[in-house]
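Dear colleague,

I am passing on the structure below, and after it you will find my notes on what turned up when I went through it. Please read them with the coordinates open beside you.

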Amino acid sequence: MIPEDWQQVKAIYESGIATGVATFEKSSPNWENWDKSHLPFGRFVMTFNNEIVGWTALSPVSNRCIYGGVAEVSVYVSDKYRGRGIGKKLLNDLITDSEKNGIWTLQAGIFTENIASVKLHQSVGFRLIGFREKIGKLDGKWKDNLIFEKRSKIVGQD
């Protein structure tokens with residue numbers, strides 16, 4: 001992903017926001033703010049006929065150095081291209097790249113009703129490790145969140 005991709009990435013993100021099951025966010029940031037809040041690696045886009053159809057990125061879970069090898073996953077696929085394996089390919093690439101960059105744990109927080117995302121993460125080796133009841137409100141309604149994690153079999157094994 002490069003800055004020139006942002007308008008298409010943002011459009012996919014906004015379509016995810018509109019579903020009400022992808023994020024607590026209500027709007028997308030500008031490129032500069034998005035860029036600052038995500039790690040410089042693990043940013044991938046998938047294209048089809050010169051159109052970005054999906055993307056993924058990593059965010060740090062904490063600014064404390066002890067958590068330097070732990071990152072939160074974002075993966076979004078255009079609503080026109082869902083169900084075609086794009087998310088799985090993007091996540092597999094992200095996992096490989098995260099390990100090359102010293103990440104030992106990937107986390108994902110997923111709304112309980114987002115079954116497609118749950119299945120996607122499980123398909124690439126994430127496991128359910130927790131449940132957060134009423135973790136936050138979206139449009140005035142409490143939302144529950146499932147916590148998934150994938151531990152590297154390469155990084156952090158010493």
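K89 has a relative accessibility of 42% and therefore counts as partly exposed. Please keep in mind throughout that this is a predicted model. The side chain of K89 meets that of D93 in a salt bridge, at 3.0 Å from N to O, and because the two residues are four apart in helix 3, about one helical turn separates them. D93, with a relative accessible area of 28%, is likewise partly exposed.

The salt bridges come to six in total, and two others deserve a description alongside that one. K143 pairs with E113, the closest N and O atoms lying 2.2 Å apart; since K143 belongs to strand 6 and E113 to the loop between strand 4 and helix 4, this pair ties together parts of the chain that are 30 residues apart in sequence. The relative accessible area of K143 is 10%, below the 20% limit, so K143 is buried, whereas E113, at 37%, counts as partly exposed. K80 forms a salt bridge with E51, and there the closest N and O atoms are 3.2 Å apart. That pair also links distant parts of the chain, with K80 in the loop between strand 3 and helix 3 and E51 in strand 2, 29 residues apart. K80 counts as exposed at 53% relative accessibility, while E51, at 25%, is partly exposed.

Turning to the strands, I would start with strand 3, residues 70-77, of which seven of the eight residues are buried, so that the strand is largely enclosed by the rest of the structure. Strand 2 (residues 51-60) runs antiparallel to strand 3 and is joined to it by seven bridges, with W55 having Y76 in strand 3 as its bridge partner. Strand 4 (residues 105-111), by contrast, pairs with strand 3 in the parallel sense, over three bridges, and here A71 stands opposite L106 of strand 4. Between strand 3 and strand 4 the chain passes through helix 3 (residues 86-100), making a β-α-β crossover that is right-handed.

Which residues have the most contacts inside the largest nonpolar core? They are L58, V73, L91, L106, F126 and F148, in a core of 19 residues. Two or more residues come from each of strand 3, helix 3, strand 4, helix 4 (115-123) and strand 6 (141-151). V73 can serve as a way into this region: neighbours within four places in sequence aside, it is in contact with T56, A57, L58, L91, L94, L106, Q107, H121 and F126. There is also a second, separate core of 12 residues, among them I17, W34, W55 and A57. As background, nonpolar side chains in soluble globular proteins tend to be buried together.

One last residue that you may wish to look at is S28, which is found in the loop between helix 1 (6-19) and helix 2 (31-36). Is S28 buried or exposed? Its relative accessibility is 14%, which falls under the 20% cut-off, and S28 therefore counts as buried. The side chain of S28 makes a polar contact of 2.7 Å with the side chain of E14, and, if residues up to four places away in sequence are not counted, S28 touches K10, Y13, E14 and I17.

With best regards

Conventions:
Residues are numbered from 1 along each chain as its sequence is written. This is a predicted model: local features need pLDDT of at least 70, side-chain atom pairs count only at pLDDT 80 or more; totals for chains, interfaces and linings use all residues. Side-chain values use heavy atoms; hydrogens and water are left out. Buried means under 20% relative accessible area, exposed over 50%, partly exposed in between (1.4 Å probe, protein chains only). A polar contact is a pair of N or O atoms within 3.5 Å; within protein, one must be able to donate a hydrogen and the other to accept it, and residues adjacent in sequence count only if both atoms are side-chain atoms. Contact means heavy atoms within 4.5 Å. Two strands pair if DSSP finds at least two bridges between them. A crossover is right-handed if, with the strands pointing away from the viewer, the path from the first strand over the helix to the second runs clockwise. A nonpolar core is a set of buried Ala, Val, Leu, Ile, Met, Phe, Trp, Tyr and Cys residues joined through side-chain atoms within 4.5 Å. A salt bridge is a side-chain nitrogen of Lys or Arg within 4 Å of a carboxyl oxygen of Asp or Glu.
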